[in-house]
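This report looks at side-chain contacts: rings, charges and nonpolar packing. Start with the sequence and the structure.

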Amino acid sequence: QVQLVESGGGLVQTGGSLRLSCAASGGTFSNYAMGWFRQAPGKEREVVAAIIWSGGSTYYADSVKGRFTISRDNAKNTVYLQMSDLKPEDTAVYYCAADRGRSTTAQLLRTRTYDWWGQGTQVTVSS
C-alpha cells in the first residue's frame, strides 16, 4: 500500500507563510494525482488544492486561490502546498491524498476519489 506522511504544519501569525510537504512511499508516485484537503473542528473535510500526475493541471478552492500553490516533485515522490497570506480561517488539519485512477480534475475535487490518505498535519493561524 501507499503511505503518505505530511509535514510542515505549525503555528503562524495572520499574514505569515508555511510550506507543507507530503512524502509518498510504497507506490508509483508519478502515476498519481495528488490533493490537499483540510478539516476544521465541526466542519466537513474540504478540498484545498489538487494536481494531476504530470503537474500540468491544478485546482484551487476559491478560498485559497491566489494565496496557496500546489506543486509536485516526482523525482522526490513529494507534493507541496505553499501557503501565503495565511488567515485564521485557514486553521485546520491538512491532509494529503493520492489517487491512482487517473481521474479528471473535476473528480479530484471529491474526497471519495482518493485511494490513500496521510495522517494530517495541524496548521494554526493566530490573529
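How many aromatic pairs does a search of the whole structure find? In this predicted model, the search finds 4 aromatic pairs. One of them joins Phe37 and Trp117 in a tilted arrangement, with 5.0 Å between centres and 55° between planes. This pair links distant parts of the chain: Phe37 sits in strand β4 (residues 33–39) and Trp117 in strand β10 (residues 116–117), 80 residues apart. Phe37 is buried, at 0% relative accessibility. Trp117 is partly exposed, at 26%. Trp117 also pairs with Tyr114, this time edge-to-face, at 5.9 Å centre to centre and 65° between the planes. The angle is over 60 degrees, so the pair counts as edge-to-face. Tyr114 is buried, with a relative accessible area of 6%. Ring pairs thus join Phe37, Tyr114 and Trp117 into a cluster.

Charges also meet rings. The charged end of Arg45 sits over the ring of Trp117, 4.9 Å from the ring centre. Arg102 lies over the face of Trp53, at 4.9 Å from the ring centre.

Next, the nonpolar packing. The largest nonpolar core has 31 residues. Leu4, Met34, Trp36, Leu81, Met83 and Tyr94 touch the most other members. Strands β3 (18–25), β4, β5 (46–51), β7 (68–73), β8 (78–83), β9 (92–99) and β11 (121–126) each supply at least two residues of this core. Leaving aside residues up to four places away in sequence, Leu4 touches Cys22, Met34, Cys96 and Trp117, among others. Another core, of 8 residues, lies apart from the largest one; its members include Ala33, Phe37, Ala97 and Leu108.

Now the salt bridges. The structure holds 5 of them, including these three:

| Salt bridge | Closest N to O distance |
|---|---|
| Arg38 and Glu46 | 2.9 Å |
| Asp62 and Lys65 | 3.2 Å |
| Arg67 and Asp90 | 2.8 Å |

Why does the pair of Arg67 and Asp90 tie together parts that are 23 residues apart in sequence? Arg67 lies in the loop between β6 (58–60) and β7, whereas Asp90 lies in the loop between β8 and β9, so the pair ties these parts together. Both partners are buried: Arg67 at 9% relative accessibility and Asp90 at 0%. Salt bridges that share partners join Arg38, Glu46, Arg67 and Asp90 into one network. Within this network, Arg38 is buried at 4%, but Glu46 is partly exposed at 32%. Asp62, at 66% relative accessibility, is exposed.

Terms used
Residues numbered from 1 in each chain as written. Predicted model: local features only at pLDDT ≥ 70, side-chain atom pairs only at ≥ 80, totals over all residues. Heavy atoms only, no water. Phe/Tyr/Trp six-rings, centres within 6.5 Å; stacked < 30°, edge-to-face > 60°. Helix = DSSP H or I, 4+ residues; strand = E, 2+ residues; numbered from the N terminus. Buried < 20%, exposed > 50% of the residue type's maximum accessible area, 1.4 Å probe, protein only. Lys NZ or Arg CZ within 6 Å of the ring centre and 35° of its normal. Core = buried A, V, L, I, M, F, W, Y, C linked by side-chain atoms within 4.5 Å. Contact = heavy atoms within 4.5 Å. Salt bridge = Lys/Arg side-chain N within 4 Å of Asp/Glu carboxyl O.
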